[in-house]
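This report describes the surroundings of two ligands in a protein model.

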Amino acid sequence: MIDFDEAFALVVRAARPLGTETIALADARGRLLAAPVVAMMDAPPADVSAMDGYAVRERDLKAGGSLRLVGSSWPGSGFGGAIGTGECARIFTGAPLPAGADRVVIQEIVDRADDQVRVRGPVGSGRHVRPRGSDFRTGDRLLEPGLRLDHRSLVAAAGADVAEVQVWRRPRVAILGTGDELEEPGQARHTPGRIPESVSLGVAALAEQWGAAVMGRRRLRDEPDAMKEAAETALSEADLVVMTGGASVGEKDFAKPVFASLGMEIIFSKVAIKPGKPVWLGRVGDRLVMGLPGNPTSALVTARLLLVPLVAGLGGREDESALHWRAAPLTDALPACGDRETFVRARWTGERVQPLSNQDSGAQRALAEADLLIRRRPGTAALVAGDMVDVIDF
Ligand SMILES: Nc1nc2c(c(=O)[nH]1)N[C@H]1C(S)=C(S)[C@@H](COP(=O)(O)OP(=O)(O)OC[C@H]3O[C@@H](n4cnc5c(N)ncnc54)[C@H](O)[C@@H]3O)O[C@H]1N2
Ligand code: MOO
């Protein structure tokens, strides 16, 4: 049995990025940039007004008296002419500053009668002009590779007149949940001996959160022929197949034998961690297969620690981004750690990390509360309240 660090290293090695694709910016939310976004135009494209008012010449204001209105500048059309001595033009926010003008006076401090405009109050120091290229210039690198496109960066890219972006391909993930006892949530209570299939929903959500395109979740009976058929289909359509349950040594634990019959080469099988010891990883041709234990807490802990780095790496994310450990103080004591590296489910109180009382690997209710995992190295001594531990977001 290998330890956690070895398993993580094998995951990182297997997690080669799948490649890149060019997609429409409108479809790019949440995607990871593989190439920089470079501005295709200046913003703003000309000196423009930042306010609604009148475009004037600074010198004329100093001279005092009224100005003659000679035209209007609108966003999109502008004012074809130029402003001479003693003249001004109506202007609106975003409209190009007419030639000859060098500032804008806001309309609130102006009295106007027909074509005569008189500036009433003090104009202040602001020119109310956004110079051409003051936001960015053609050719500026606005977004760097590795950035995940969100509501803010999408505006920057669109504002740079960019229609398409080069992003990392999302790993396609198929999830197979095995077990004769499993039923679709909402159906289990109607049949004796059945329980809801809960794990695949969490695995799918976590994989999607880390950039996967989940191709589907399928529930399978513990029946090798049907499992083999489902495994073949999953391998044909997904980059990564995740199989939950049937990972252990029970007489109906068929997960590995089914993929072995399809030519799987095992990368690792069993890791000295608690919970989640039966987790495994294999390869069938250029496809990867990860087996997660069926116990719901074990499945989600192993998904967070080993599936997330795999999905992240296949999708072009940096190795370190998936497991970002940080130190936090404990609210309570913890016993000495046994010989398996242990990941204690815990919650953040706002100031400290509190281990949950239910550490059963079959727990589901406690998962809703466990927003952190505490990492305990094998053989480490008992801890008291206030001691620092390494934690990760769960
Ligand atoms: N003799 C041994 N028995 C077990 C060992 C062992 O080393 N020797 N390992 C234990 C550990 S650790 C774990 S974890 C479990 C994992 O076993 P499997 O991966 O084979 O999981 P199953 O037996 O299929 O299921 C375990 C448990 O979880 C429930 N389950 C399974 N899938 C789901 C699902 N998709 N949604 C909700 N619940 C699910 C299932 O009903 C079982 O109760 O094995 C130990 N045994
Ligand atoms: O390690 Mo198992 O994952 O105890 O439930």
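## Ligand surroundings

A polar side-chain atom of Asn295 lies 3.0 Å from an oxygen atom of ligand 2, a polar contact being a pair of N or O atoms within 3.5 Å. The model is predicted: local features need pLDDT of at least 70, side-chain atom pairs count only at pLDDT 80 or more, and totals for chains, interfaces and linings use all residues, while side-chain values use heavy atoms, with hydrogens and water left out. Residues are numbered from 1 along each chain as its sequence is written, and chains are lettered from A and ligands numbered from 1 in the order in which they are written.

The protein has a mean pLDDT (the predictor's confidence in each residue, from 0 to 100) of 96. For the complex, the predictor gives an ipTM of 0.96 and a pTM of 0.90.

Ligand 2 is surrounded by Pro275, Gly276, Lys277, Asn295, Ser298, Arg340 and Ser361, where a residue counts if one of its heavy atoms lies within 4 Å. Backbone contacts to oxygen atoms of both ligands are tabulated below.

| Residue (polar backbone atom) | Ligand (oxygen atom) | Distance |
|---|---|---|
| Gly276 | ligand 2 | 2.5 Å |
| Lys277 | ligand 2 | 3.4 Å |
| Gly246 | ligand 1 | 3.0 Å |
| Ser248 | ligand 1 | 2.9 Å |
| Asn295 | ligand 1 | 3.3 Å |

Taken alone, ligand 1 exposes 870 Å², of which the protein buries 69%; accessible areas come from the Shrake-Rupley method with a 1.4 Å probe. Of the 21 residues around ligand 1, Glu181, Glu197, Ala247, Ser248 and Gly294 come nearest.

How values were computed: Polar contact = N/O pair within 3.5 Å; in protein donor to acceptor, adjacent residues only side chain to side chain.
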